[in-house]
Amino acid sequence: MKSPQLPSKTITTCKQCGKKFESYHSKNRKYCSLKCVNKAFSSYPQYKHLWRLRKDLWEKEEIDFLMSNYLKKPTEQICSYLNRTRDSVYWKASELGLRKYYKPKQETRLETLSVADLAYLAGIIDGEAMVSLHCSKNFAHPRVVITNTNRQLIEWLEYVLNRKAYKKPSSGKRRDCWAVAICDFKNVKALLRSILPYLRAKRKQAELVLEYCQYRELKLKKPGSKGFLDKYEQEIVRNIRVLNRRGI
Ligand SMILES: [Zn+2]
């Protein structure tokens with residue numbers, strides 16, 4: 001195994017607490033920890049945001065190393081070279097737009113459907129599906145999940161959407177329940193666009209999900225854009241949650 005090309009570390013003194021810490025030959029790093037960075041910047045409110053502060057804890061050498069090695073080497077190795085946690089490396093990589101396990105999703109077979117079939121599919125989605133944005137930390141995943149107990153219907157959906165159904169956990173005497181899910185931008189968009197004219201009950205949700213997908217794709221194409229949900233996106237997520245709430 002080739003050794004990593006990280007430069008050697010030198011000992012630097014923290015500007016805030018005066019403690020000595022190891023650092024690369026970089027002018028970026030002046031503080032030993034996030035705590036010290038926060039303290040040092042506490043009198044400058046414009047730098048208080050974590051985004052700004054995190055930058056100080058990644059040195060240029062480390063970023064260069066990550067950029068050139070992240071896609072080639074196992075993440076565990078990179079973590080140990082950089083002496084950082086998995087979360088830290090993942091976070092930085094996603095911030096830099098590096099994606100390791102990108103697998104294109106299978107295309108659906110929607111183009112083969114007749115208008116009647118599309119309208120039928122829209123009816124099923126109206127009645128049996130959940131059209132939502134599933135939120136993780138700083139991202140919302142568009143998602144359409146169709147659930148049913150009828151095996152024949154599920155098999156048709158499996159064929160049309162080109163996805164494998166999975167069994168939902170069921171309790172007691174209930175019949176087995178199956179679900180087919182679509183959760184990638186491209187296919188959710190294609191599906192919702194083609195059934196939108198026939199939707200009734202879920203039309204609002206579908207429109208909101210489409211709006212989110214479009215807005216987000218445009219946003220991420222702009223250079224220097226951040227992955228966080230902005231105000232407008234949070235608003236969409238909130239609206240969909242209200243629409244999908246159970247009961248009154
Ligand atoms: Zn310090």
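Reader: In what order do the four strands of the open sheet stand?
Author: In this predicted model, the sheet is open and its pairing is antiparallel. Neighbouring strands are turned by 35° against each other on average, direction ignored. The order of the four strands is β3-β4-β6-β5.

Reader: Which strands stand at the edges of the sheet?
Author: An edge strand here has a single partner strand, so one side of it is left without a neighbour in the sheet. The strands in this position are β3 (129–135) and β5 (166–168).

Reader: Which residue in β4 stands opposite His 134?
Author: β3 and strand β4 (residues 140–148) pair in the antiparallel sense over seven bridges. Opposite His 134 stands His 141.

Reader: At what angle to β3 does helix α10 run?
Author: Two helices are described here as lying across β3 and β4. Helix α6 (residues 115–128) lies across these strands and runs at about 95° to β4. Helix α10 (residues 231–244) also lies across β3 and β4, and its angle to β3 is about 145°.

Reader: Why is α8 described as oblique to α9?
Author: The axes of helix α8 (residues 185–195) and helix α9 (residues 203–221) come within 10 Å. Angles over 145 degrees would count as roughly antiparallel, and 65 to 115 as roughly perpendicular. α8 is therefore oblique to α9, because the axes cross at roughly 140°.

Reader: How many residues of the contact of α8 with α9 are charged?
Author: On the α8 side, Phe 185, Val 188, Lys 189, Leu 192 and Arg 193 take part. They meet Ala 206, Val 209, Leu 210, Cys 213 and Glu 217 in α9. Of the contact residues, seven are nonpolar, none is polar, and the number charged is three.

Technical notes: Residues numbered from 1 in each chain as written. Predicted model: local features only at pLDDT ≥ 70, side-chain atom pairs only at ≥ 80, totals over all residues. Axes fitted to C-alpha atoms, helices over the stretch in contact; angles between N-to-C directions. Parallel < 35°, antiparallel > 145°, perpendicular 65-115°, else oblique. Contact = placed C-beta atoms within 7 Å. Nonpolar A, V, L, I, M, F, W, Y, C, P; charged D, E, K, R; others polar. Pairing = 2+ DSSP bridges.
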